[in-house]
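Me: I have a protein open here and would like to go through its fold with you. Could you take it slowly and explain the terms as they come up?

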Amino acid sequence: MPVESDSRPAPEAPPLPVKRPQRLAKPRSVARVGVLGAGLMGAGIAGASVAKWDVVMRDVSLEAVGRGIRAIESGLASRVKSGSLARVDADRQRSRLAPAT
């Protein structure tokens with residue numbers, strides 16, 4: 001059975017606003033990052049964050065946090081081995097990481 005097409009034109013989209021709304025809050029500097037969860041995603045976020053900030057990584061058990069820290073240490077060691085990160089910088093980044101439960 002053939003379907004009849006609607007020949008009416010599509011409705012016109014509303015115009016985009018010309019002015020951006022004013023920012024009410026000023027950005028603040030970040031001194032410390034908290035990461036909840038030390039799994040694959042949490043360890044990845046913490047590992048990327050230690051390059052710039054102090055990081056507290058929290059999980060339900062110290063064993064889980066330990067696995068996350070070992071994953072970050074492994075990533076830092078790989079970067080040192082490949083030459084993309086100096087050993088002193090890797091040590092500095094590792095010192096920025098603190099476990100918590």
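Reply: Two strands count as paired if DSSP finds at least two bridges between them. Helices (H or I, at least four residues) and strands (E, at least two) are DSSP runs, numbered from the N terminus. This is a predicted model, in which local features need pLDDT of at least 70 and side-chain atom pairs count only at pLDDT 80 or more, while totals for chains, interfaces and linings use all residues. Residues are numbered from 1 along each chain as its sequence is written, and side-chain values use heavy atoms, with hydrogens and water left out.

Me: ok, so what is the bridge partner of Leu36 in strand 2?

Reply: The partner of Leu36 there is Arg58. Strand 1 and strand 2, the latter covering residues 54–58, pair in the parallel sense over five bridges.

Me: and what order do the strands of the sheet have?

Reply: The order is 1-2-3 in an open sheet of three strands, with parallel pairing. Strand 1 (32–36) and strand 3 (97–100) stand at the edges with a single partner strand each, so one side of each has no neighbour in the sheet. From one strand to the next, the twist averages 20°, where axes are lines fitted to C-alpha atoms, for helices over the stretch in contact, and angles run from 0 to 180 degrees between N-to-C directions.

Me: which strands does helix 1 lie across?

Reply: Helix 1, residues 40–49, lies across strand 1, strand 2 and strand 3, and runs at about 165° to strand 2.

Me: at what angle do helix 1 and helix 2 pack?

Reply: Helix 1 and helix 2 (residues 62–82) pack at about 50°, with axes 9 Å apart. That makes helix 1 oblique to helix 2, because angles under 35 degrees count as roughly parallel, over 145 as roughly antiparallel, 65 to 115 as roughly perpendicular and the rest as oblique. The contact, meaning heavy atoms within 4.5 Å, is made by Ala43, Ala46 and Gly47 of helix 1 with Gly68, Ala71 and Ile72 of helix 2.

Me: how does helix 2 pack with helix 3?

Reply: Helix 2 and helix 3 (residues 87–95) pack at an angle of about 165°, again with axes 9 Å apart, which makes helix 2 roughly antiparallel to helix 3. In this pair, Ile69, Glu73, Leu76, Arg79 and Val80 of helix 2 meet Arg87, Ala90, Gln93 and Arg94 of helix 3.

Me: changing topic, what radius of gyration does the protein have?

Reply: The protein has 24 Å, whereas a compact globule of 101 residues would be near 13 Å; the radius is taken over C-alpha atoms, and the globule rule is 2.2 Å times the number of residues to the power 0.38. Along the principal axes, the C-alpha atoms fill a box of roughly 70 × 45 × 35 Å.

Me: last one, in what order do the elements run from the N terminus?

Reply: They run β-α-β-α-α-β, with three helices and three strands in the protein.
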